[in-house]
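Me: I am new to this structure and would like a close look at a single part of it. Please take one sheet and describe how its strands are arranged.

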Amino acid sequence: MADVLSQSEIDALLNALSTGEVDLAAAETPEVKVRSYDFRTANRFSKEQMRTLNIIYDTFCRLFTTYLSGTLRAMCQVEVVGVEELKYHEFVNALPSPVVLAIVTMPPLLGPTLLEISPDVAYSMISRLLGGGSNSGGETNRSFTEIELVLLERIMRQFINLLPEAWEKVLSIDATLDRLETSPQFAQIVALNETVAVITLNVRVGDNEGLLNICLPHLTIEPINKQLNTRALFQTTIHHERAPATADIQFRLRNTPLTVSAVFNDTPASVGEIMSLQVGDVLQLDHRVGEPLTLKVGHLPKFRAALGVRDNKYAVKIADLIREEDLDHE
């Protein structure tokens, strides 16, 4: 009700307009705010793509947490801190010194990707592998030795194998570690002005924590831009939950081994007759010469078969199918 003018206020406003105290044209023209736009800095990653990358690497964090806890025998936690779009030179300039850079190839994605581990996390993992605690010991400013780099490379080769499982809902990849570098100038995977997506993970090993950054160039994932959306991600998930399950069950059933046996009719005998059998005795079976044999699959009778020989081996030829109603009559 406070926005409703009274009659006296309306009269005062009309008088002001008639005397020229209020400029109606100025009141009706709103102020236009113009913001400059630089086309060179346009976002190349859509919000949908950034959200999908967040989902992919959130799955990777859960797998990585399980791997670290089992390998280092310590309480570990890995979580996604954020996904942002940067220029490659901005990412490189923000790297600490010393640094561990892993160059990873993930075909069919084009070109390499970069994985950077902070010295705090690197020294914590090395300390746990060598039997110490998770504390880095305040030595994060010195360069890595050859032995430490070999240990880090062994760890990285293991947890990089978790990437295909994290990406499987989008596409099948084959992640391999190309090499390790300790200097950014030897790990220039794209041009400095190229746009990259940086996924930042927070890694906690015991009481120590640090960051792990994954750098994905836009050129690398450009061929799969249409697949990097949550709608396609969830549709792929539903497809993998329904269709392949049926095909897998059929494949397993078709390749399940079963025992097939051809048997004569049962011949009754007493225990005394069986105990008196000697080598060379002849048994008279309760089965006629022209009568078909019973072919059992497992322990169930399924077919009638005729006895014969093929390639100097005994063989049976299926002649008829035994139905359940036939067994009931027997």
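Reply: What follows starts with the chain as a whole and then turns to one sheet.

This is a predicted model, in which local features need pLDDT of at least 70 and side-chain atom pairs count only at pLDDT 80 or more, while totals for chains, interfaces and linings use all residues. Residues are numbered from 1 along each chain as its sequence is written, and side-chain values use heavy atoms, with hydrogens and water left out.

The protein chain has eleven helices and ten strands; these are DSSP runs numbered from the N terminus, with at least four residues of H or I for a helix and at least two of E for a strand. Of its 330 residues, 33% count as buried, meaning under 20% relative accessible area with a 1.4 Å probe, protein chains only.

The sheet is open and holds four strands in the order β7-β8-β9-β10, with antiparallel pairing. Two strands count as paired if DSSP finds at least two bridges between them. Because β7 (260-263) and β10 (313-321) stand at the edges with a single partner strand each, one side of each is left without a neighbour in the sheet. From one strand to the next, the twist averages 40°; the axes are lines fitted to C-alpha atoms, and angles run from 0 to 180 degrees between N-to-C directions.

Now to one pair within the sheet. Strand β8 (residues 293-297) and strand β9 (residues 300-310) run antiparallel and are joined by five bridges. Leu295 has Phe303 in β9 as its bridge partner. In general, strands of a sheet pair through backbone hydrogen bonds, either parallel or antiparallel.

Terms used
Buried < 20%, exposed > 50% of the residue type's maximum accessible area, 1.4 Å probe, protein only.
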